[in-house]
Amino acid sequence: MSGSVNKVILIGHLGADPEIRRTQDGRAIATLRLATSESWRDKNSGERREKTEWHTVVIFNEGLAKIAEQYLKKGSKAYVEGQLATRKWQDRDGNDRWSTEVVLQGFGGSLTLLDRREGSGYRAGGDPDDYGYDADRAAGPTSSAGGAPARNMGAGLDDDIPFAPEWRG
């Protein structure tokens, strides 16, 4: 096989407000700390157990970084889709360190806001200059970076279907 795939999909909650930095030319870069959890019942004790993993998500896509800055906060639930990237850096003592992050950049990154609160009906995507709340979009699903907005093809389908497809295009 000659091809390869580097794709990460996470659904989790932010552990802190997004950290926003700016490049020298003023473009926003957002860093998120996203927690994903799994829970199970221990077979021996019957106790409920939970394991939480923390992920660093770096958003280089300017439009998605603006959305993260405006709409995400500590505790927000989000879907992110990006690529794993490992970078090497040196600590204060000069020791080499490595960090693996989920990177959202270009058209391959996706950020979907999953909170269902009153007035949070924003969906990312569509017109790159349209980063505000749009009442016409309030009932629709949220979707991704730099392309056409997601279409809710599952609206009006029979409830017996065991999944709700997300269409991009």
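User: At what relative accessibility is R22 classed as buried, partly exposed or exposed?
Analyst: In this predicted model, R22 falls between the cut-offs of 20% for buried and 50% for exposed. R22 therefore counts as partly exposed, its relative accessibility being 48%.

User: Which residue meets the side chain of R22 in a salt bridge, N to O at 3.2 Å?
Analyst: The pair links distant parts of the chain, with R22 in strand β2 (residues 19-22) and its partner in helix α1, 47 residues apart. The partner is partly exposed, because its relative accessible area is 37%. The residue whose side chain meets that of R22 at 3.2 Å is E69.

User: How many salt bridges does a search of the whole structure find, and which residue forms one with R87?
Analyst: The search of the whole structure finds 9 salt bridges. In the one formed by R87, the closest N and O atoms are 3.1 Å apart, and R87 itself counts as partly exposed at 41% relative accessibility. The pair ties together parts that are 14 residues apart in sequence, because R87 lies in strand β5 and its partner in strand β6. That partner counts as buried at 11% relative accessibility, and the residue is E101.

User: In the salt bridge between R97 and D91, what is the relative accessible area of D91?
Analyst: The side chains of R97 and D91 meet at 3.1 Å, N to O. R97 is partly exposed, with a relative accessible area of 40%. D91, by contrast, is buried, because its value lies under the 20% limit, the relative accessible area of D91 being 17%.

User: Which residues have the most contacts inside the largest nonpolar core?
Analyst: This core has 20 residues. The elements that each supply at least two of its residues are β1 (8-14), β3 (28-41), β4 (48-59), α1 (62-71), β5 (77-90), β6 (96-104) and β7 (110-113). Those with the most contacts inside the core are V57, I59, L72, L104 and L111.

User: Which residues does L72 touch, leaving aside residues up to four places away in sequence?
Analyst: L72 is among the residues with the most contacts inside the largest nonpolar core. With residues up to four places away in sequence not counted, L72 touches L14, P18, L32, I67, A78, L111 and L113.

User: Over how many bridges do β1 and β5 pair, and which residue of β3 stands opposite L14?
Analyst: β1 and β5 pair in the antiparallel sense over 6 bridges, and the bridge partner of G12 in β5 is A78. β1 also runs antiparallel to β3, to which 2 bridges join it. The residue of β3 that stands opposite L14 is L34.

User: What does the side chain of N61 reach at 3.0 Å?
Analyst: N61 lies in the loop between β4 and α1. N61 counts as buried, because its relative accessibility is 14%. At 3.0 Å, the side chain of N61 reaches the backbone nitrogen of L64.

User: Over which residues does pLDDT stay under 50?
Analyst: The mean pLDDT of the protein is 77, and 68% of its residues reach 70 or more. Where pLDDT is low, the predicted coordinates should not be read in detail. That caution concerns a segment for which the model has 73 contacts beyond four places in sequence, and pLDDT stays under 50 there, over residues 118-169.

Technical notes
Residues numbered from 1 in each chain as written. Predicted model: local features only at pLDDT ≥ 70, side-chain atom pairs only at ≥ 80, totals over all residues. Heavy atoms only, no water. Core = buried A, V, L, I, M, F, W, Y, C linked by side-chain atoms within 4.5 Å. Buried < 20%, exposed > 50% of the residue type's maximum accessible area, 1.4 Å probe, protein only. Helix = DSSP H or I, 4+ residues; strand = E, 2+ residues; numbered from the N terminus. Contact = heavy atoms within 4.5 Å. Polar contact = N/O pair within 3.5 Å; in protein donor to acceptor, adjacent residues only side chain to side chain. Pairing = 2+ DSSP bridges. pLDDT = per-residue confidence, 0-100. Salt bridge = Lys/Arg side-chain N within 4 Å of Asp/Glu carboxyl O.
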